[in-house]
Amino acid sequence: MRRPRATEVSTAKKPVSPDPQGKIAGLAVIVMAAGLGKRMRSKQAKVLHPVAGQAMVLYSVVLGLRVAGDRVAVVVGHQADLVRQVIGRTTSGKSSGSPVAIVEQREQLGTGHAVLQSRPVFAVGKRGAPSSYLILNGDTPLLQEKTVRELLRVHEAEHATITILTAVLVDASGYGRVVRESSAERGVSRIVEDRDANAEEQAIREINVGTYVVDGEFLFNALEKLDPTNAQGEYYLTEIIHLAKHTGRRVAAVVLDNPDEGLGVNTRRQLAEAEQVVRQQIRDRWLDAGVTMIDPASTWIDAAVTIGRDTVLYSNVTLEGTTVIGEDCVLRSYTRLTDCTVGNGVEILDHCLFTASHIEDDTHLGPFVHLRPGVVVRKKAKVGNFVEMKKTDLGEGSKANHLSYLGDAKIGKGVNIGAGTITCNYDGARKFQTVIGDGVFLGSDTQLIAPVTVGAGAFIAAGTTVTEDVPADALVIGRVPQVNRAGWAARRRALQTGVNRETLNVKRKTESTRLTPHLSRLAKKQASVLESNQAKKRR
Ligand code: UD1
Ligand code: CA
C-alpha cells in the first residue's frame with residue numbers, strides 16, 4: 001500500500017482481528033455478479049468467464065469466505081442458475097451445503113440496486129446484523145486478500161463510514177473517477193462514473209477499484225435513497241459516498257501500490273490481461289513452494305491445482321482444473337492433465353493427455369498416452385506409447401507398454417498387456433466389461449470381446465480373439481493354423497517375370513472360382529457360431 005494521504009490513516013501494521021488470516025467478527029461480504037457484461041460481447045455472463053481455469057466470480061467469493069467465514073452473499077442475475085451452480089460446486093463441503101447465500105437481482109438496475117437485493121439475507125437474526133459490509137465487484141480477479149485486510153484495518157482505525165480502494169492508472173478510461181476535495185486533506189468527495197464525467201473529471205487518473213467497506217447501519221438506508229438520474233439511468237452504488245459526505249460522515253480511501261491489482265474485467269482484452277497476471281502469480285506461488293519449472297513462461301497451471309515439492313515440470317506442461325500432483329514427479333513437455341490426481345514419484349513422458357484419472361505412486365507413463373475419464377493406474381504400473389485407456393483399473397505392477405486400447409476393464413496385478421491388445425467393449429449400442437485376473441499374460445494383438453473374463457494366471461497366445469471366458473491358468477490360442485508351402489514364393493516370382501499378364505489373369509480367375517463355394521461355406525459357419533456365442537453371453 002502506498003503511504004496514506006492526510007485523511008487516510010497511518011499504515012502501521014496492526015490487524016483488525018488478532019489472527020491476521022482469521023475471519024473478522026461482525027463482517028459480511030456482498031459480491032455483485034448479476035451483470036451480463038455487454039462489453040465482453042459474449043453469450044456467457046461475464047463473471048463465468050474463467051481466469052486461470054476458474055470462473056471470475058469465484059475469486060471474489062473465495063476472498064469473501066476467507067475474511068468473513070460463512071457470511072457471504074452473492075447477487076446473481078444473468079445466467080443466475082449457472083452462476084449459482086458454479087459457486088455451489090466450489091464452496092460446498094462434502095457433507096454440508098454451500099455457506100454462500102445467493103440472492104437474485106431480477107433486473108439489472110445498477111450496482112446500488114444489486115447490493116440492496118441482499119438486504120433480507122442480513123436481516124437481524126440470531127447473530128445480529130453485521131457491523132460492516134465488504135462489497136466486492138465480481139469482475140476484479142486480481143484483488144489480493146492482504147489488500148482487503150488492509151482496507152478493513154484502515155476503515156476501523158479511521159472510524160470511517162465508508163472506506164474505498166482506489167488505484168492511480170495511466171489510462172483511467174472506463175472506470176469511475178475519484179473526485180478529491182480541494183482542501184489540504186484532499187479527502188474523497190465523490191465518485192463520478194466515466195460516462196457521467198466532464199472533461200476535467202475525465203482527466204483524473206485515480207479510479208474506484210470497486211471494493212468498499214461500509215458501516216452496517218449506514219449501507220441499506222443509503223441505498224434506499226439512490227437516484228438513477230445519470231447517463232446510464234442506473235442506481236449507482238458509488239453514490240453512497242456522496243450521500244455519506246453530505247451527512248457529515250467520514251469516507252476513507254486506500255490507494256493501491258500496485259495498480260494492476262485493481263483491474264476490472266469489462267472486455268476480452270482485460271480478461272487476457274487478468275489471465276497473464278494470475279498465471280504468473282500461480283507460477284510464483286509454486287516456485288516458492290519448491291516446484292521446479294524448466295520454463296515457467298510456458299508452464300500453465302490453473303488456480304485450483306496443487307503440486308508437491310521437488311516435482312519437475314518441463315516446458316509446455318498444462319495442469320488444469322482440480323489436478324493434484326504429488327512430490328518428486330517429473331512431467332515432460334507437451335503433457336496436459338485435467339482434474340487428475342497423481343501420487344509421488346511418478347514419471348510422465350512427453351505428449352500425454354489425461355482427464356479425470358487417478359495415478360498412484362511410482363508409476364511410469366508416456367510418451368503419447370491418452371487417459372480418458374475414470375482410469376486408475378495402480379502403484380508401479382507402466383503405460384507406454386500410444387496406449388489409450390478409459391474407465392479402466394490397471395493393477396499394481398501391470399504393464400501396457402505399447403499400442404493398446406483398454407476400455408471398461410478391470411485388470412489385476414502383474415498383468416502383461418501385449419502390444420496391440422484391444423478390449424472390444426462396444427457393440428455399437430452398449431458397453432461391456434473386460435475382467436483380467438492377476439498375473440495374466442496377454443500376447444501381442446489380443447482382442448477381448450467383452451463381456452469377458454480371463455482367470456488369474458492364464459496365458460493368451462499372440463493374435464488371439466478371446467470370445468469366451470478363460471479359466472485360471474489356462475492357455476488360449478485362437479488363430480488360423482499356419483500353412484507353409486515350400487517353394488511357393490519362388491514359383492510365383494518365376495510366373496510374374498516369365499509369363500505374360502494375360503495368362504496370369506486367367507490362372508487367377510480359375511483359382512478364385514474354385515475357392516468361392518468353400519469360402520462362402522466357411523463365412524456362413526463362422527457367422528452362425530458368432531451369433532450363438534453372442535446370444536449366450538447377453539442372456
Ligand atoms: C463499476 C463502478 C466504477 C468502478 C468499476 C471498477 C459503479 C456504478 N461503478 O463500474 O466506479 O470504477 O466498477 O471496476 O458501481 N452488477 C450487478 N448488477 C447490476 C450491475 C452490475 O450485479 O445491475 C455487477 C456486475 O456483474 C459486476 C459489478 O457489478 O460484477 C460491476 O459492474 P460493471 O457493470 O462492471 O461496473 P463498471 O461499469 O465496471
Ligand atoms: Ca467492471
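1. Two strands count as paired if DSSP finds at least two bridges between them. That definition is needed for the strand points below. The structure is a predicted model.

2. Start with strand β26, residues 376–377, which is joined to β27 by two bridges, the two strands running parallel. Which residue of β27 is the bridge partner of Val376? The partner is Asp393. Because at least two bridges make a pair, the two bridges between β26 and β27 are enough for these strands to be called paired.

3. Asp393 appears again on the way to another strand. Its bridge partner in β28 is Lys410. Strand β28 covers residues 399–411, and 10 bridges join β27 to β28 in the parallel sense. When looking at the model, Asp393 is a useful place to begin, as it is the bridge partner of Val376 and also of Lys410.

4. Two further strands pair with β27. Strand β24, residues 364–365, runs parallel to β27, which spans residues 382–394, and two bridges join them. Here His364 stands opposite Lys382 of β27. Strand β25, residues 369–371, also pairs with β27 in the parallel sense, over three bridges. In that pairing Leu371 stands opposite Met389 of β27. As background for reading such strands, side chains in a regular strand alternate between the two faces of the sheet.

5. The loop between β24 and β25 holds Pro367. Is the peptide bond from Gly366 to Pro367 cis or trans? This bond is cis, with omega near 0 degrees. A second cis peptide bond joins Ala450 and Pro451, where omega is about 0 degrees. Pro451 lies in the loop between β33 (447–449) and β34 (452–454).

6. One backbone angle also deserves a check. Asp310 is not a glycine, yet its phi is positive, at about 60 degrees. This residue is in the loop between β14 (306–307) and β15 (312–313). These points are listed because most residues other than glycine have a negative phi, and most peptide bonds are trans.

7. Turning to the ligand: ligand 1 sits in the largest pocket. There are 24 residues around ligand 1, and those that come nearest are Met32, Gln105, Thr111, Glu193 and Asn208. Which elements each supply at least two residues of the shell around ligand 1? Among them are β1 (27–33), α3 (111–116) and β10 (206–215). By class, the shell residues divide into eight nonpolar, 12 polar and four charged.

8. Several atom pairs can be located by eye. An oxygen atom of ligand 1 is 2.8 Å from a polar backbone atom of Gly110. For Arg39, an N or O atom in the side chain is 3.2 Å from an oxygen atom of ligand 1. For Asn266, the distance from a side-chain N or O atom to an oxygen atom of ligand 1 is 3.3 Å. On its own, ligand 1 has 750 Å² of accessible area, and the protein covers 92% of this.

Definitions and conventions. Residues numbered from 1 in each chain as written. Chains lettered and ligands numbered in written order. Predicted model: local features only at pLDDT ≥ 70, side-chain atom pairs only at ≥ 80, totals over all residues. Heavy atoms only, no water. Near = heavy atom within 4 Å. Polar contact = N/O pair within 3.5 Å; in protein donor to acceptor, adjacent residues only side chain to side chain. Areas by Shrake-Rupley, 256 points an atom, 1.4 Å probe, with all protein chains shown as cover. 1 Å grid on protein atoms, 1.4 Å probe; cavity = no way out; pocket = protein on both sides within 12 Å on 5 of 7 lines; lining within 4 Å. Sits in = over half its atoms within 2 Å of the grid points. Helix = DSSP H or I, 4+ residues; strand = E, 2+ residues; numbered from the N terminus. Nonpolar A, V, L, I, M, F, W, Y, C, P; charged D, E, K, R; others polar.
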